[in-house]
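Open the model in your viewer and keep the selection box handy. We'll go stop by stop, from whole chains down to single residues.

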Amino acid sequence: MQRYSGFGLVKHALSHHENWERQWRNPTPKKQYDVIIVGGGGHGLATAYYLAKEFGVKNVAVIEKGWLGGGNTARNTTIVRSNYLWDESAALYEHAMKLWEGLSQDLNYNVMFSQRGVLNLGHTLQDMRDIQRRVNANRLNGIDGEVLDAKGVQELVPIMDCSASARYPVMGASWQPRAGVARHDAVAWGYARGADAHGVDILQQTEVTGFKIRDGKIYGVHTNRGDIEAKTVGCVTAGNSSVLAKMGGFNLPLESHPLQALVSEPIKPILDTVVMSNQVHGYISQSDKGDLVIGAGIDGYNGYGQRGSYPTVEHTLQAIVEMFPIFSRVRMNRQWGGIVDTCPDACPIISKTPVKGLYFNCGWGTGGFKATPGSGHVFAASLAKGEMHPIAEPFSMFRFHSGALIDEHGAAGVAH
Amino acid sequence: MFYIYCPYCGEHREEEEFHPKGQAHLERPKEPEACSDEEWGDYLFFRDNPRGVHHEMWVHAVGCRKFFNVTRHTVSYEILETYKMGEQPSITADSQSQAREGAAVSQQEGVRA
């Protein structure tokens, strides 16, 4: 792997940037691997990277039916935070946050992680009580957090309508300074390049059409490019997880929904943090390019079509204009949808399954991007050892039978 | 944007009058206390999540406020039929021909009005 550096940039300028090497190979599938990862999004590529780099499993394939990071990795609003209420999820997301903090150096790839802070607004007395409870829980778990009043919020974001005459006046917010945003595509590309450098085969345009299962154990997958064998298979396929689970002969407690997002035309720097509101229900940040990146809730019906309905877009923008009247005449540039796999308790599933050797990492719902490094790391550890990593252990799919749910609905600071 | 036929009002109305309410034809176990943890968990949390024909409940929230059932394709989003509570669907995944499935998937661009 050619390392990137300022010196390299100057050197390549001399040859008009025409001699950069490809970031990853495009290999033909081998007959057999130690581990197959199904799904070449951020989480899948991170899993492959950590498997090869930290856990010594180098004979790994990542199978992707489309192109790398073309699903939800390319479709999210790039927010990274770890201020979750319950110990189990706090541990998982904070594990990810610590990896984010050194990720660009680790990958030798600029993922543009910008710790510009995240505000979760409160508009009612109950919001403020929940925020206090959550910030206290965060601090006990070693996660940074502060409770701000309306004045504190107004000082951080002068352009927001924090007046008492707003329809839903801002009463305060939780503030996580270490939170922020990252460049979503760079995360997928950085992990792909790193994994490839450690010998991982990334097989794009290869679709898994079935699992090879004998005596309750997995020994490979069928694909449109032939059968590939492996005794360990990890599925990280977000919205399509239910479809794959069905191929394995079991069900998951997931429902796939469209989640829409949109960006405006680029404007001059005006918003230097991330603002989220559960009550008015929208979230917004400004990218380095200058566009406002906007999202809100899912479309309520099940769907695999990577698009949603217009009323949802309208509600989202109503919320944004309610909070930021100054944006009322900004024009929107692009709008899209991704398919999120939502879990009944708004927490992911990182788990063994009824099929031995087959593991699933799914159910991230609307908030998977922020967890990409942590999810990949604990999933890789679990695949390598055959036993779930302690941080992943509580996220078993069998919690929906035992009743040990991790109820992050609402508690996580944004509706799912 | 969906344009949904409410079987009780007998009219097509816009999506904003309705709310989706999840999978249709779920049956609450007659004796919950007699259920195993698996059976009860399956009833509470596990849902069909097909990539294809799906039967789901909707409520005409700002209309007649009645619940009814919709058969819809989850990739093309095409509404295949709506029918009253207590009735059975006339279109199912099995009754849909393979050709129709293929056509629906190839129509992925644009929501059907």
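Select chain A and switch on its surface: about 16,700 Å² is exposed, and carbon and sulfur atoms supply 52% of that. Accessible areas here come from the Shrake-Rupley method with a 1.4 Å probe, and for residues only the protein chains shown count as cover.

Before going further, a word on what you're looking at: this is a predicted model, where local features need pLDDT of at least 70, side-chain atom pairs count only at pLDDT 80 or more, and totals for chains, interfaces and linings use all residues. Residues are numbered from 1 along each chain as its sequence is written, chains are lettered from A and ligands numbered from 1 in the order in which they are written, and side-chain values use heavy atoms, with hydrogens and water left out.

**Stop 1: chain A as a whole**

Switch to cartoon. Chain A shows eleven helices and 19 strands; helices (H or I, at least four residues) and strands (E, at least two) are DSSP runs, numbered from the N terminus. The radius of gyration of chain A is 21 Å, close to the 22 Å from the globule rule for 416 residues, so chain A is as compact as a globular protein of that length. That radius is taken over C-alpha atoms, and the rule is 2.2 Å times the number of residues to the power 0.38. Turn the C-alpha trace along its principal axes and you get a span of about 65 × 65 × 40 Å.

How much of chain A is buried? Of its 416 residues, 60% count as such. Buried means under 20% relative accessible area, exposed means over 50%, and partly exposed is in between (1.4 Å probe, protein chains only).

Now think about contacts, meaning heavy atoms within 4.5 Å. Among those in chain A between residues at least 6 apart in sequence, 75% join residues at least 24 apart.

Colour by charge next. Chain A carries 39 positive and 38 negative side chains, with the centres of the two sets 5 Å apart. Lys and Arg count as positive and Asp and Glu as negative, while His and the chain ends are not counted; each charge is placed at NZ of Lys, CZ of Arg, CG of Asp or CD of Glu.

**Stop 2: two spots with positive phi**

Most residues other than glycine have a negative phi. Select A:Met112, where phi is near 55 degrees, a positive value. You'll find A:Met112 in the loop between helix H4 (103-107) and strand S4 (118-122), partly exposed at a relative accessible area of 33%.

Then jump to A:His281, which has a positive phi of about 75 degrees although it is not a glycine. A:His281 sits in the loop between strand S14 (274-277) and strand S15 (282-286) and is partly exposed, at 23%.

**Stop 3: A:Arg334 and A:Arg75**

Pick A:Arg334 in strand S17 (residues 332-342). A:Arg334 is partly exposed, with a relative accessible area of 44%. Which residues does A:Arg334 contact, leaving aside neighbours within four places in sequence? Show A:Ala261, A:Leu262, A:Val263, A:Lys289 and A:Asp291. For a longer view, draw a line to A:Leu405, 71 residues along the chain: the C-alpha atoms are separated by 37 Å.

Now select A:Arg75, in the loop between strand S2 (60-63) and strand S3 (79-80). Its contacts beyond four places in sequence include A:His184, A:Ala261, A:Gln306 and A:Trp336. A:Arg75 and A:Leu262 are 187 residues apart in sequence, with their C-alpha atoms 9.3 Å apart.

**Stop 4: where the chains meet**

Show both chains. The contact takes 29 residues from chain A and 27 from chain B. Select A:Tyr304, A:Arg307 and A:His401: these supply 31% of the area that chain A buries against chain B, more than any other three residues. The area buried between the chains is about 2,400 Å², with 54% from carbon and sulfur atoms; buried area is the accessible area (1.4 Å probe) that two parts lose on being put together, summed over both.

**Stop 5: chain B**

Hide chain A. Chain B has two helices and six strands, running β-β-β-α-β-β-β-α from the N terminus on. Buried residues make up 37% of its 113 residues. The accessible surface of chain B is about 6,500 Å², of which 46% belongs to carbon and sulfur atoms.

Last pick: B:Gln88, in the loop between strand S6 (79-84) and helix H2 (98-106). Is B:Gln88 buried or exposed? At 60% relative accessibility, B:Gln88 counts as exposed. Not counting residues up to four places away in sequence, B:Gln88 touches B:His25 and B:Tyr83.
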